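Please open the model in your viewer and keep the selection panel at hand, since the tour below moves from one selection to the next.

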Amino acid sequence: MNAEDFVGALKAHVINAAVDDTISNLENPPGRRVSEAERALSQWYKQLSPKDAENLRSVLAQVSHQAVFGVLAVIDGVRTVDDGVGHFELAYVATARSVLNDPELPPLHDLLNATDM
């Protein structure tokens with residue numbers, strides 16, 4: 001797996017899945033003991049017009065994208081979570097070890113922004 005494959009997998013299995021899972025939970029809250037807050041959100045969602053529901057889906061996609069972008073920016077070292085003492089190294093290990101956030105390659109957060117939202 002290389003950096004592009006990793007970012008593509010994040011988009012499919014994290015960003016898009018977060019949006020789909022959130023909409024699914026709004027349509028049909030999971031569990032036997034659904035909280036009153038979840039029930040109220042579900043009722044609100046079900047009353048939205050198709051256009052408003054699509055707008056909500058778009059907002060959720062933006063939020064998911066920005067959250068993953070932020071994490072990737074931290075992994076890339078352009079957003080700090082400490083005093084800048086160290087750095088992160090993200091590696092994929094299979095038959096060989098591949099550093100996904102190699103400083104000689106395009107940053108992961110830039111690869112994410114290069115993909116369609």
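Begin by selecting Leu-108 together with its surroundings: leaving aside neighbours within four places in sequence, Leu-108 is in contact (heavy atoms within 4.5 Å) with Ala-3, Phe-6, Val-7, Leu-72, Ile-75, Asp-76, Leu-90, Leu-100 and Asn-101. This is a predicted model, in which local features need pLDDT of at least 70 and side-chain atom pairs count only at pLDDT 80 or more, while totals for chains, interfaces and linings use all residues. Residues are numbered from 1 along each chain as its sequence is written, and side-chain values use heavy atoms, with hydrogens and water left out.

Before going further, colour the chain by pLDDT, the predictor's confidence in each residue on a scale from 0 to 100. The mean over the chain is 94, and 98% of the residues reach 70 or more. Among the elements, strand S2 (residues 97-99) has the lowest mean pLDDT, 94, and H3 the highest, 97; helices (H or I, at least four residues) and strands (E, at least two) are DSSP runs, numbered from the N terminus.

Next, extend the selection to Phe-6, Val-68, Leu-72, Leu-108 and Leu-112, the residues with the most contacts inside the largest nonpolar core, which has 13 residues. Such a core is a set of buried Ala, Val, Leu, Ile, Met, Phe, Trp, Tyr and Cys residues joined through side-chain atoms within 4.5 Å, where buried means under 20% relative accessible area, exposed over 50%, and partly exposed in between (1.4 Å probe, protein chains only). Helix H1 (3-27), helix H3 (50-76) and helix H4 (108-114) are the elements that give two or more residues to this core, and the largest share, five residues, comes from H1. Apart from it lies another core, of seven residues, among them Val-19, Leu-26, Tyr-45 and Leu-56.

Now turn to the charged pairs: the structure holds three salt bridges, each a side-chain nitrogen of Lys or Arg within 4 Å of a carboxyl oxygen of Asp or Glu. Select Asp-20 and Arg-57, whose side chains meet in a salt bridge at 2.9 Å, N to O. This pair links distant parts of the chain, with Asp-20 in helix H1 and Arg-57 in helix H3, 37 residues apart. Asp-20 counts as partly exposed at 41% relative accessibility, and Arg-57 is partly exposed with a relative accessible area of 29%.

Move on to helix H2, where Arg-39 and Glu-36 lie three residues apart, about one turn of the helix. Here the closest N and O atoms of the salt bridge are 3.7 Å apart; Arg-39 is partly exposed at 37% relative accessibility, whereas Glu-36 is exposed at 56%.

For the remaining pair, select Arg-97, which is found in strand S2, and display Glu-89 beside it, as their side chains meet in a salt bridge at 2.6 Å, N to O. Arg-97 is exposed, with a relative accessible area of 54%, while Glu-89 counts as partly exposed at 48%. Outside four places in sequence, the contacts of Arg-97 are with Glu-89, Ala-91 and Tyr-92. A distance label from Arg-97 to Pro-29 spans 41 Å, C-alpha to C-alpha, for residues 68 apart in sequence.

Finish at Pro-30, in the loop between H1 and helix H2 (36-46). Is Pro-30 buried or partly exposed? With a relative accessible area of 45%, Pro-30 is partly exposed, and its C-alpha lies 23 Å from that of Ser-49, 19 residues away in sequence.
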